[in-house]
Amino acid sequence: MAMFKDVLETVRMIEKERLDIRTITMGISLLDCIDSSGAKSREKIYEKITRLAENLVKEGERIENELGIPIVNKRISVTPIALIAGSSDDLNYVEYAKILDAAAATVGINFIGGFSALVPKGFTKGDRILIDSIPEALATTNCVCSSVNLGSSKAGINMDAVKRLGEVIKETAYLTRDADSIGCAKFVAFANAVEDNPFMAGAFHGVGEAESVLNVGVSGPGVVKRALEKAQDASFGEMAEIIKKTAFKITRAGHLVGTTVAERLNVPFGILDLSLAPTPEVGDSVARILEEMGLEHCGTHGTTAALAMLNDAVKKGGIMASTSVGGFSGAFIPVSEDEGMIEAVECGALTFDKLEAMTSVCSVGIDMVAIPGDTPASTISGILADEAAIGVINNKTTGVRIIPVYGKDVGDTAEFGGLLGRAPIMPVNKNDCSVFVNRGGQIPAPIHSFKN
Amino acid sequence: MRAVVTVIGKDRTGIIYNVSKILAENSINIEDISQTVMHDFFTMIMLVDMTNMSVDFNVLKSALEEVGETIGMSIRIQHEDLFNAMHTI
């Protein structure tokens, strides 16, 4: 039996510090659903998803009960739809998004990811059609999430995709203008996208993956913050040690849940993504961990260093705890989903430029940031290019999930509700970058990609 | 299969009686108990063997939670696996 204090520690982590399994995400390959007829392909997609994921929610809830640890979300990721739909004659892929939405509703999950295209080095016909379909797809479905990989350390950055996606984000914002442009919260533009990420909105099931796998995303910013609270005088080395130990325990809980659910669903266990993913609830904030280290507000000088240390220590603790660590595994900094970040933006401590700097040392990018609705598409493309450059040059994943909230400006707040939270509109640089964005073509692969 | 029962709340009479009664009624064997009382705050942890359990896990869980509400304590039951995973290498 685990020791008395260990049992109490676990119970406290779950009850008071919001330790939870953020998501169990079932990855499903749709490669065998390809058909020259779009309608037939969609029939196969619906049948396959609803068959394989039939018991996902039920088993998830059962294990939640038995282990007494909440599993907040049950989700599905599928093969990028551009690869599946490309062989049909369809000129618009919105129907594919709708069938994913219908399958998600049938199996009772809250998000399905994979309305995606991978274009780091160029477009196929399917990629182009999919990207053009994104605004309508996100405006007419509830659960579908979309992503595009527009650059990689191996291929460089597809600047034609960067330009087009700036426009796509604006169109999506307009089509979902009645709900504070929420469609944009379901879209991520990646560089170095990972194929086994369980977190939305960027989850998709990579082509190198098995037929079906079960990936798990664990969270627990509250647990890390509480552990640091108890060590007020700790040096950096000691803080890193505390974070590592905490990350180890959280990861082990996630590994247990993942392997158990996978076994019961009779699919292989994929990876465990140990990411500190905040929610808008008090006590579940990554910003507050950084502040606990001694920063008056997240965003002040020292924040990037604090985040770098946190991210690194989380990875080290996680790696020791599970042989199947993958996905992002680090710290997330989505502004609207983090109560501490929201406050830091509102009091002026956290700026857009500081956020960008922070993304160079953590596991994601500019995430859930609301900007003025009249921001030009070219400026959004400039933001995408900057983030992609950070990812490509530093051999890491970066994503941009940005919301130009239609009809709102600096001083307003966008309300998304639920886990997506609320976001104060942040100012962006007003100087024009359209000539740069309009050049088109490819930013060549960086020198360190030539390793063969 | 073994599970850990955690009982936390303000100390009063009959806590162990109420919890162990439900366990006995459902053929669950108590293998180990430890408890402390600090400043009127009662904490008890039981390790139980559910091999011969005569009821569904979720039904048992609800029954324990109900008793917990009646006597004003928080009662949880969780598979032993979670604690072993988190606290042993």
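Two strands count as paired if DSSP finds at least two bridges between them, and strands themselves are DSSP runs of E, at least two residues long, while helices are runs of H or I of at least four, all numbered from the N terminus. Keep that in mind for the first stop.

Before clicking, some housekeeping. Residues are numbered from 1 along each chain as its sequence is written, with chains lettered from A and ligands numbered from 1 in the order in which they are written. This is a predicted model, where local features need pLDDT of at least 70, side-chain atom pairs count only at pLDDT 80 or more, and totals for chains, interfaces and linings use all residues.

**Stop 1: the sheet in chain B**

Select strand β1 of chain B, residues 2–10. Seven bridges tie β1(B) to β4(B), and the two run antiparallel. For a landmark in that pairing, pick Val5(B), which sits opposite Ile77(B) in β4(B).

Now bring in the rest of the sheet. Four strands form an open, antiparallel sheet in the order β2-β3-β1-β4 of chain B. Its edges are β2 (29–38) and β4 (73–79), each pairing on one side only. On average, neighbouring strands here are turned by 15° against each other, direction ignored; the axes behind that angle are lines fitted to C-alpha atoms (for helices, over the stretch in contact), and angles run from 0 to 180 degrees between N-to-C directions.

**Stop 2: Leu60(B)**

Next, select Leu60(B), which lies in helix α2 of chain B, residues 57–71. Is Leu60(B) buried or exposed? Leu60(B) counts as buried because it has 22 C-beta neighbours inside 10 Å. The cut-offs: 20 or more other C-beta atoms within 10 Å of a residue's own means buried, 12 or fewer means exposed, anything in between is partly exposed, and C-beta atoms are placed from the backbone.

Show the contacts too (C-beta atoms, placed from the backbone, within 7 Å). Not counting residues up to four places away in sequence, Leu60(B) touches Asn26(B), Val55(B) and Ile77(B). You have already met Ile77(B) as the partner of Val5(B). Try a distance as well: Leu60(B) and Ile22(B) are 38 residues apart in sequence, and 8.2 Å apart from C-alpha to C-alpha.

**Stop 3: where the chains meet**

Show both chains and select the contact between them. Chain A puts in 18 residues and chain B 20. On the chain A side, the elements giving two or more residues are α1 (4–15), α3 (56–67) and α9 (236–265). Of these, α1(A) gives the most, with six residues. Colour that side by class and you get 10 nonpolar, four polar and four charged residues. Here Ala, Val, Leu, Ile, Met, Phe, Trp, Tyr, Cys and Pro count as nonpolar, Asp, Glu, Lys and Arg as charged, and the others, Gly among them, as polar.

**Stop 4: all of chain A**

Zoom out. Chain A has 15 helices and 13 strands, and its C-alpha atoms fill a box of roughly 65 × 55 × 50 Å along the principal axes. Why does its radius of gyration fit a compact globule? With 452 residues, such a globule would come out near 22 Å, and chain A has 21 Å, so the two agree; the radius is taken over C-alpha atoms, and the globule rule is 2.2 Å times the number of residues to the power 0.38. Buried residues make up 61% of the 452. Among contacts in chain A with a separation of 6 or more, 79% come from residues 24 or more positions apart.

**Stop 5: β3(A) and its neighbours**

Select residues 111–118 of chain A, strand β3: eight of its eight residues are buried. Three bridges join β3(A) to parallel strand β2, residues 71–78, and six join β3(A) to β4, residues 144–152, also parallel. Gly113(A) has partners in both: Ser77(A) stands opposite it, and Cys145(A) is its bridge partner in β4(A).

Add helix α6 (125–140): β3(A), α6(A) and β4(A) make a right-handed β-α-β unit. Right-handed means that, with the strands pointing away from you, the path from the first strand over the helix to the second runs clockwise.

Now click Val72(A), in strand β2. With 18 other C-beta atoms within 10 Å, Val72(A) is partly exposed. Beyond neighbours within four places in sequence, Val72(A) contacts Asp20(A), Ile21(A), Arg22(A) and Thr23(A).

**Last stop: α12(A)**

Select residues 339–346 of chain A. Six of the eight residues of α12(A) are buried, so this helix is largely enclosed by the rest of the structure. Its cover includes α10 (286–292) and β12 (422–424) of chain A. After α12(A) comes Gly348(A), with a positive phi near 85°.

Methods:
Contact = placed C-beta atoms within 7 Å.
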